[in-house]
Amino acid sequence: MSVKQERRNFIGLAFGAVAAVGGAFSLVAVKKTWDPLPSVKAAGFTTVDLSPMKDGEMRQIEWRKKPIFILKKDANMAPNDKRDVVVGDSRYIVAIALCTHLGCIPEWRASKQVFICACHAGEFNVDGINTFGPPPRPLDIPPFKIDGTKLVLGETGPEYEKLVAQA
Amino acid sequence: MAQIRKSTGIIDWLDQRMAVNKMMKVLVSEYWIPKNINFLWAMGVILTTLFVLLLITGFLLMMYYKPDINLAFDSVNYTIMKEVEYGWLWRHIHAVAASVIFLIIYIHTFTAIYYGSYKKGRELIWVSGMLLFILFSAEAFSGYMLPWGQMSYWAAMVITNLFGGIPVIGDAVVEWIRGDYAVSDSTLTRFFMLHVCLLPLVLIAVIALHFYTLRIPHVNNETGEEIDFDIEAEKYLKGDKANAKVIPFWPGFLAKDFMYIGFFMIFFFYLVCFHFNFAMDPINFEPGNPLKTPPHIYPEWYFLWQYEILRGFFFDIFGFSAYNIGLIAFAFAGIALFFMPIYDRSDVVAPAHERKGFFVWFWLLVIDMIILTIFGKLPADGVTMGISNSWIGFYSTITFFILLLVVLPIITTLEKKRGGK
Ligand code: FES
């Protein structure tokens with residue numbers, strides 16, 4: 001009798017082990033199923049020509065389905081070597097236009113010289129640095145490379161490395 | 001095998017094979033309901049009715065809806081609304097029911113709080129009910145994004161971004177949930193799956209559990225009286241129906257419920273036919289645009305109080321960033337009511353108007369949640385009566401937590417010391 005009971009215990013344990021291994025593998029598979037697809041990961045590059053921009057002008061472009069702010073600083077805006085992208089003699093602010101709080105697009109208010117996020121009243125200054133409200137950090141800088149007067153988003157150039165190193 | 005004899009009829013034939021008579025007794029004809037309960041107890045049946053309406057209209061809508069970011073908007077706003085015969089009717093029933101079901105859920109929940117129905121033996125009814133509230137929230141949100149309008153898109157953006165607040169792996173989790181760097185087609189299709197398949201399955205299971213948790217402790221009543229259901233049921237079965245404090249669920253009690261369903265349906269279809277717009281955000285009649293945020297984002301009315309708690313903290317406190325405090329407060333607000341049986345230290349089961357301190361507390365909570373709801377809808381950078389909306393939001397958020405976590409345990413402990421009411 002006891003022998004038989006032991007056999008049953010063993011069968012139970014063996015089944016448990018097989019099921020646990022199978023369960024663990026399928027969890028990995030399920031996780032991977034929800035990861036971005038290869039075609040999504042291979043999203044492309046975006047090139048913008050900065051030369052036609054006027055002083056103080058603000059542009060919004062799209063890169064990898066995300067909006068990007070490009071602001072050409074004018075004489076009144078203080079230079080900030082930690083955030084400015086310098087091309088020739090002009091300074092630009094390049095940032096992913098998604099509030100670092102919950103991802104709304106802040107609005108550029110030229111009169112007040114701030115980016116205002118209406119969602120939860122977050123504010124960023126000209127340099128994209130958070131000055132009020134819940135956003136936890138400045139606007140993110142997308143990877144870029146400078147090619148003459150052109151800005152290539154999605155590739156990392158030395159200028160980008162420098163900004164990131166300082167941040 | 002049981003002894004199967006020649007049956008005397010269909011019922012008998014089924015009874016021999018599935019014990020249907022016994023089952024009917026257990027489920028309805030000898031399931032006892034106290035006599036002294038008022039219309040607030042009919043909300044459960046109304047919720048069931050609304051859920052069934054949502055299921056049926058959902059099936060009809062699903063036959064024309066296309067879960068693809070290029071087609072979704074038109075499949076709803078053109079195909080279903082203009083081409084499909086009576087498509088507008090299903091959509092409006094679905095949308096209005098989704099909104100009204102939350103109104104009834106709130107009434108149902110606050111009835112339980114008012115009468116102390118979450119205490120002593122009824123904790124599981126309460127917990128499974130709160131679980132249903134969370135599931136319905138997920139169901140409502142995943143459905144809200146399907147038409148792919150502007151508000152849908154940005155609601156999806158903001159809500160999926162919430163997971164970015166998880167330490168270390170936050171950003172990766174957001175990407176994983178969306179299946180893309182931004183909210184996109186893969187996000188839409190998986191939310192479609194959640195909305196029409198996984199969540200409804202889980203909902204139905206938990207609704208069954210919620211009903212089952214009610215079977216043994218039985219439903220509470222208007223005075224909180226502890227009824228001995230066995231004794232009262234015996235009286236009833238012996239024919240002393242007038243003196244028994246209980247009636248069977250069927251046919252006695254449901255008859256009354258049907259009347260309330262009748263009243264409710266008149267009100268409901270009045271909304272569907274004449275005021276369906278309250279469940280439709282005008283911004284959602286513009287297709288989703290990832291490159292433009294609507295000037296002012298807010299959720300549907302039933303999430304406003306939680307949303308206001310999320311943005312209630314807008315400055316850092318003791319080195320904790322406003323961002324993290326807001327997220328934690330929001331996450332906690334979502335589950336805060338789960339713990340009612342723990343905050344309430346007293347075991348008096350009585351309606352709030354017989355428990356003085358609790359009565360005041362109850363209405364303060366309701367008022368605070370209404371204030372949160374109102375300010376959740378107003379722009380965060382506005383000013384009301386000379387006070388900035390951000391600060392009103394902050395104070396009412398704090399009040400919410402103090403009421404639940406501090407005031408309620410104190411007054412109920414005092415109540416317990418006094419030994420009752
Ligand atoms: S998303 Fe910008 S403040 Fe919340």
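Biologist: What makes up the area buried between chain A and chain B?
Modeller: This is a predicted model. About 2,700 Å² is buried between the two chains, and carbon and sulfur atoms give 66% of that. Buried area is what two parts lose on being put together, summed over both, so the figure covers chain A and chain B together.

Biologist: Which three residues supply more of the area that chain A buries against chain B than any other three?
Modeller: Trp34(A), Lys65(A) and Leu102(A). They supply 27% of the area on the chain A side.

Biologist: How many residues of chain A are in contact with chain B, and what makes a contact?
Modeller: The cut-off is heavy atoms within 4.5 Å. By that rule, 28 residues of chain A are in contact with 28 residues of chain B.

Biologist: How do you know whether chain A fits the rule for a compact globule or departs from it?
Modeller: Set the radius of gyration against the rule. A compact globule of 167 residues would have a value near 15 Å. Chain A has 25 Å, so by the rule of 2.2 Å times the number of residues to the power 0.38, chain A departs from a compact globule. The C-alpha atoms fill a box of roughly 95 × 35 × 25 Å along the principal axes.

Biologist: Why do 40% of the residues of chain A count as buried?
Modeller: Buried means under 20% relative accessible area. Of the 167 residues, 40% count as buried because they fall under that cut-off.

Biologist: What elements does chain A have?
Modeller: Three helices and eleven strands. From the N terminus on, the order is α-α-β-β-β-β-β-β-β-β-β-β-β-α.

Technical notes. Residues numbered from 1 in each chain as written. Chains lettered and ligands numbered in written order. Predicted model: local features only at pLDDT ≥ 70, side-chain atom pairs only at ≥ 80, totals over all residues. Heavy atoms only, no water. Helix = DSSP H or I, 4+ residues; strand = E, 2+ residues; numbered from the N terminus. Buried < 20%, exposed > 50% of the residue type's maximum accessible area, 1.4 Å probe, protein only. Buried area = accessible area lost by both parts, 1.4 Å probe.
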